[in-house]
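I sat down with this one to see what the coordinates would tell me. My notes follow in the order I looked things up.

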Amino acid sequence: SLEKALQIDPRNPDVWRAHAFSCSQLDRAAEAVSSCEKSLAIDPYNARTWIVRGFSLHRLGEYERAVESYARAIEICPMGADGRRAWNNRGAALDNLHRHEEAIESYDEALMIDPFDIYPWNNKGASLGILSRHEEAVRCFQKAIEIEPLYATAWKNLGLAYRALNREGEAEEALSRARELG
């Protein structure tokens, strides 16, 4: 068990990181943050640990600190899967701080790394919608759906964007598809 591994080797950053990830998956965000900080005290150059810390802080509603954690992860690993994840999650935290233009920039960075990732497309569309840029939002949701046709959240968001544009027929069609997908 992770608890036993921590007793045997409390200076192992990988064990602390694994413990943090496990806690984050079990919705024990405060404990996850604590374990991340113990790991980072030993190895401050692990992007994944910074990402888990950011995710856990986000879950606790500590969005500024989450943004800082994602920024650290990006400094360490600006590209690849970790970079994409950090950019996307940074955008989500910025959205929660009502800093939507910055969030859109983060989603664009994630999409430069992987243009086939549905989550930054959907998140960017949601940010654009908040800014009443509904036509642009529609294109983002359509792109997410083109990549993953069974992505119910994108269908729902597409329907809401169409509704904001007074395109009721298309809105109802998209919302109906979202309900079918659950």
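Before anything else, a cut-off I need for the entries below: I call a residue buried under 20% relative accessible area, exposed over 50%, and partly exposed in between. I also keep in mind that this is a predicted model.

**Entry: a salt bridge to start with**

I looked up glutamate 172 and found its side chain meeting that of arginine 179 in a salt bridge, 2.6 Å from N to O. Glutamate 172 has a relative accessible area of 37%, so I put it down as partly exposed. Arginine 179 comes out at 53% and therefore goes down as exposed.

**Entry: the overall layout**

I counted secondary structure next and got 11 helices and 0 strands. Reading along the sequence, I simply wrote α-α-α-α-α-α-α-α-α-α-α. The C-alpha trace spans about 60 × 30 × 25 Å along its principal axes. Of the 182 residues, 45% count as buried. I then took the contacts between residues at least 6 apart in sequence, and 44% of those join residues at least 24 apart. For the surface, I noted about 9,300 Å² exposed, with carbon and sulfur atoms supplying 52% of it.

**Entry: the cores**

Which residues have the most contacts inside the largest nonpolar core? I got Ala144, Trp155, Leu158 and Tyr162, in a core of 20 residues. Helices H7 (100–113), H8 (118–130), H9 (134–147), H10 (152–164) and H11 (168–181) each put in at least two residues. H9 gives the largest share of this core, with 6 residues.

I followed tyrosine 162 a little further. Leaving aside neighbours within four places in sequence, tyrosine 162 is in contact with Val138, Gln142, Arg167, Glu170, Ala171 and Ala174. There is also a second, separate core of 18 residues, and Leu40, Val67, Trp87 and Leu94 are among them.

**Entry: a buried acid**

Aspartate 95 caught my eye. This aspartate sits in helix H6, residues 80–96. What is the nearest side chain of opposite charge to aspartate 95, and how far away is it? It is arginine 99, at 9.5 Å; aspartate 95 is buried yet has no salt bridge. I checked that against the cut-off, since a salt bridge needs a Lys or Arg side-chain nitrogen within 4 Å of a carboxyl oxygen. Not counting residues up to four places away in sequence, aspartate 95 touches His100, Ala103, Tyr107, Asn123 and Ser127.

**Entry: more salt bridges**

The full count came to 23 salt bridges. I picked out two that sit within a helix.

- Glutamate 75 pairs with arginine 72, with the closest N and O atoms 3.1 Å apart. Both lie in helix H5 (residues 63–76), 3 residues apart, about one turn of the helix. Glutamate 75 has a relative accessible area of 59%, so I call it exposed; arginine 72, at 23%, counts as partly exposed.
- Glutamate 146 pairs with lysine 143, with the closest N and O atoms 3.4 Å apart. Both are in helix H9, again 3 residues apart, about one turn. Glutamate 146 is exposed because its relative accessibility is 57%, while lysine 143, at 24%, is partly exposed.

I also found a network of salt bridges linking Glu37, Arg53, Glu62 and Arg65.

**Entry: cysteines**

How many disulfides does a search of the whole structure find? I got 0. For cysteine 77, the nearest cysteine sulfur is that of cysteine 36, 16 Å away. Cysteine 77 is partly exposed because its relative accessibility is 23%. Cysteine 140, at 4%, is buried.

**Entry: odd phi angles**

Most residues other than glycine have a negative phi, so I went looking for exceptions. Aspartate 27 is one of them, with a positive phi of about 60°. This aspartate lies in the loop between helix H2 (13–25) and helix H3 (29–42). At 52% relative accessibility, aspartate 27 counts as exposed.

Serine 132 also has a positive phi of about 60°, though not a glycine. Where does serine 132 lie? I found it in the loop between H8 and H9. Its relative accessible area is 55%, so serine 132 goes down as exposed.

Technical notes:
Residues are numbered from 1 along each chain as its sequence is written. This is a predicted model: local features need pLDDT of at least 70, side-chain atom pairs count only at pLDDT 80 or more; totals for chains, interfaces and linings use all residues. Side-chain values use heavy atoms; hydrogens and water are left out. Helices (H or I, at least four residues) and strands (E, at least two) are DSSP runs, numbered from the N terminus. Buried means under 20% relative accessible area, exposed over 50%, partly exposed in between (1.4 Å probe, protein chains only). Lys and Arg count as positive and Asp and Glu as negative; His and the chain ends are not counted. Contact means heavy atoms within 4.5 Å. A nonpolar core is a set of buried Ala, Val, Leu, Ile, Met, Phe, Trp, Tyr and Cys residues joined through side-chain atoms within 4.5 Å. A disulfide is a pair of cysteine sulfur atoms within 2.5 Å. Accessible areas come from the Shrake-Rupley method with a 1.4 Å probe; for residues, only the protein chains shown count as cover.
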